[in-house]
Amino acid sequence: MNDSKWTWRAVSLVSILATLLLITGFVYAVGDILNPKGEKLLSSLPQETAVPTAAASDEYKILALGDSLAKGTGDNSGEGFVRRTLTALSANEGKAELLGNMGINGLTTTALESKLKEEGVQYALRQANVILISIGGNDLFRGSNIMGTPATPKVEGSKPVPTASANDLTPESLLSALPEAAKRLGSILDTVAKINPQAQVYYIGLYNPFGDIPELLTPGNQAVTAWNNTAMDMINKHSNMTLVPTFDLFDRHLDKYLSNDHFHPNGDGYQRMSERIVQAVR
Amino acid sequence: MTNLLPLIRNECLKIIKKKRFYVILLILLVLVPMFTYAQMRIAERSRDKFNSDWRLEIQQQITDNQNSLGSDRIPEEWKSYRRVFLQQLQYYLDHDVNPNEPSGVTFTREFLNNSVSLFIPLLIMAVASDLVSGERTTGTIKMLLTRPVRRWKVLFSKMAALLMFVSLIVLSVFVISYLISGLAFGYKGFNVPVFTGFQISGDTVDMSKVHAVAQWKYLLMQGGLIWFVSIVVALLAFMVSVLVRSTAASIVVMMAALIAGTILTNMASAWTAAKYLFMVNMELTTYLAGTPAPIEGMTLGFSMAVLGIWGLAAVIISFAVFTKRDILN
């Protein structure tokens, strides 16, 4: 009986204390949720994790930036040129590491410009020493509704169906988007160079995905070449940037290297692109 | 009035002697290490992938979510959930605070967030579902009621003992998950800031009211909300236990309700009237974390009112039935 007396005392005491504690928390929580006080965020927030120090410089730290090509859309294995490049660079005792793949389907130069203002993206850029950029395709081919004309780049939707919309794609519409987009590409490259002046930047040139539609072959080639030339001009101003051409990889081989959507490369196409990139990197 | 305390004491001792509480502790001691281990593997994997740089990991998470927003196959409700999630991640990143700083405290916070709708209610049912129906199954209820004590006092003492154990259970979930996960992740992290006060309206998050709270305070608030939910679950289970003759039936009824709740929360956004069911309103902690409520128009006040009404109704029904009913068999 003495035993149960002590059990009772302990249990009742602990449970009453626990109840009081939990009620306090409850009152706190209700007050905090119903009347949240937005305070100016203190600058005294603890810097919890130190930025990891840069490892040996012989290690490639790769960051990919840009549109669906960077993401690897169309590659059934999901690797895209980014992972394939990584694999190739880490072969033969090379050291390579992927810091992140920030490719977003349907990203345009406008969206990339605003993305570069984000702290997280800038942070990742600063950590990298190899930066792969693929951008511009959506600017060039979008005036034609080919990419489903997204309201915002984030809600980019359907896969392109060239056969349905290719009729709207005129040489004029292809070239009309060029000057503005090229200007934005220039500012993107400048921003990247400013964020991380040390890194090697590789810009992936465009190819013409519409070469299999006879009436689009020539205007498409012209527009893409014009874009690539403009990009080359801007890239040459930066000593640490390289344009990796892809135009010839796909020209007249579209059926072999494009995926089923007739727009993005397939696995083999990405493989060829990554081989080019690896040649440029080392 | 003077003879209430001994009655409560008696009921408490009965719960302890039946070893229900030890079973609960045992369940926790077995399951929490499993969750901890799983969590540890996740942490290890992301450390390998992202070179232990959480900023890169969060940025990649943001990018992945942005990509999935583009897919047409994802239902609109999930998209708005992800948009909200995205903006919060961005907020953490912009303020250089790691939302998942691995520590025993963070694990406890996450674990409790996930267990409020099913796991903790289950533990509570282990005690509550048996209180009255157990006496009927064994026949001891006759002994109890032949004593010169009013029936409502008998029931009240049982309820009071139950509420005491609810607090004990909630507390022990906290303590055990902190102690065990601390072995793997370390016991620090009480002062890490957590952001709360995200005001969600549809797709967008109003950041003007967001403020940082130390993690220990966040845990305290979380505990309070969980306690409130647990009380309501306990009262409901108690009512079922009064109404049903066997303990097994009583547990099945409550389990069915709870599981229906988790299923409904996942798909009920079309059926708005479901928000008046108690089991859809159990995840009070989502209001703290700022994740969107399962059904449009649910707020903390609303959920608490719904839960409160259900709990009160359970109390009234329990007393009405228990004091009136003939005890047969």
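Here's a quick tour of how chains A and B meet and how some helices of chain B pack. Keep in mind that this is a predicted model. Chain B has 13 helices and 4 strands, and 50 residues of chain A are in contact with 53 residues of chain B. Helix H13 of chain B turns up twice below, once with H9(B) and once with H10(B).

**Chain B overall**

- The radius of gyration of chain B comes out at 22 Å, close to the 20 Å that the globule rule gives for 329 residues, so chain B is as compact as a globular protein of that length.
- If you box up the C-alpha atoms of chain B along the principal axes, you get roughly 70 × 45 × 30 Å.

**Transmembrane annotation on chain B**

- An unreviewed UniProt entry puts the feature "transmembrane region" at residues 21–40, 116–134, 155–180, 225–244, 251–278 and 298–322 of chain B.
- One of those stretches, residues 225–244 of chain B, is 95% helix and 0% strand in the model, with its end C-alpha atoms 29 Å apart.
- Another, residues 116–134 of chain B, is 63% helix and 0% strand, and its end C-alpha atoms lie 26 Å apart.

**Where chain A touches chain B**

- On the chain A side, helix H1 (2–34), strand S2 (95–103) and helix H5 (119–127) each supply at least two residues.
- H1(A) gives the largest share of that side, with 21 residues.
- Sorted by class, the chain A side has 24 nonpolar, 17 polar and 9 charged residues.

**H5(A) against H3(B)**

- For a helix pair that spans the two chains, look at H5(A) and helix H3 (residues 54–69) of chain B, which pack at an angle of about 125° with their axes 9 Å apart.
- That angle makes H5(A) oblique to H3(B), and the crossing is left-handed.
- From H5(A), the contact uses A:Gly120, A:Val121, A:Tyr123, A:Ala124 and A:Gln127.
- H3(B) answers with B:Arg55, B:Leu56, B:Ile58, B:Gln59 and B:Ile62.
- Between H5(A) and H3(B), the contact residues split into 6 nonpolar, 3 polar and 1 charged.

**H10(B) against H13(B)**

- Within chain B, the axes of helix H10 (residues 215–243) and H13(B) come within 9 Å and cross at roughly 30°.
- Since angles under 35 degrees count as roughly parallel, H10(B) is roughly parallel to H13(B).
- H10(B) passes H13(B) in a left-handed crossing.
- On H10(B), the residues to click on are B:Val229, B:Ile231, B:Val232, B:Leu235, B:Leu236, B:Phe238, B:Met239, B:Val242 and B:Leu243.
- They meet B:Leu307, B:Trp310, B:Gly311, B:Ala314, B:Val315, B:Ile317, B:Ser318, B:Val321 and B:Phe322 of H13(B).
- The H10(B)–H13(B) contact has 16 nonpolar and 2 polar residues, and no charged ones.

**H9(B) against H13(B)**

- Helix H9 (residues 151–185) of chain B also packs on H13(B) (residues 300–324), at an angle of about 140° and with the axes 9 Å apart.
- That makes H9(B) oblique to H13(B), and H9(B) passes H13(B) in a right-handed crossing.
- H9(B) brings B:Arg151, B:Trp152 and B:Leu155 to the contact, while H13(B) brings B:Ser318, B:Phe319, B:Phe322 and B:Thr323.
- In the contact of H9(B) with H13(B) there are 4 nonpolar, 2 polar and 1 charged residues.
- B:Ser318 and B:Phe322 are worth finding on screen: they sit in the contact of H13(B) with H9(B) and also in the contact of H13(B) with H10(B).

Conventions: Residues numbered from 1 in each chain as written. Chains lettered and ligands numbered in written order. Predicted model: local features only at pLDDT ≥ 70, side-chain atom pairs only at ≥ 80, totals over all residues. Contact = placed C-beta atoms within 7 Å. Nonpolar A, V, L, I, M, F, W, Y, C, P; charged D, E, K, R; others polar. UniProt positions renumbered as here; feature names shortened; annotations may be inferred. Axes fitted to C-alpha atoms, helices over the stretch in contact; angles between N-to-C directions. Parallel < 35°, antiparallel > 145°, perpendicular 65-115°, else oblique. Left-handed = near helix turned anticlockwise from the far one by under 90°. Rg over C-alpha atoms; globule rule 2.2 N^0.38 Å.
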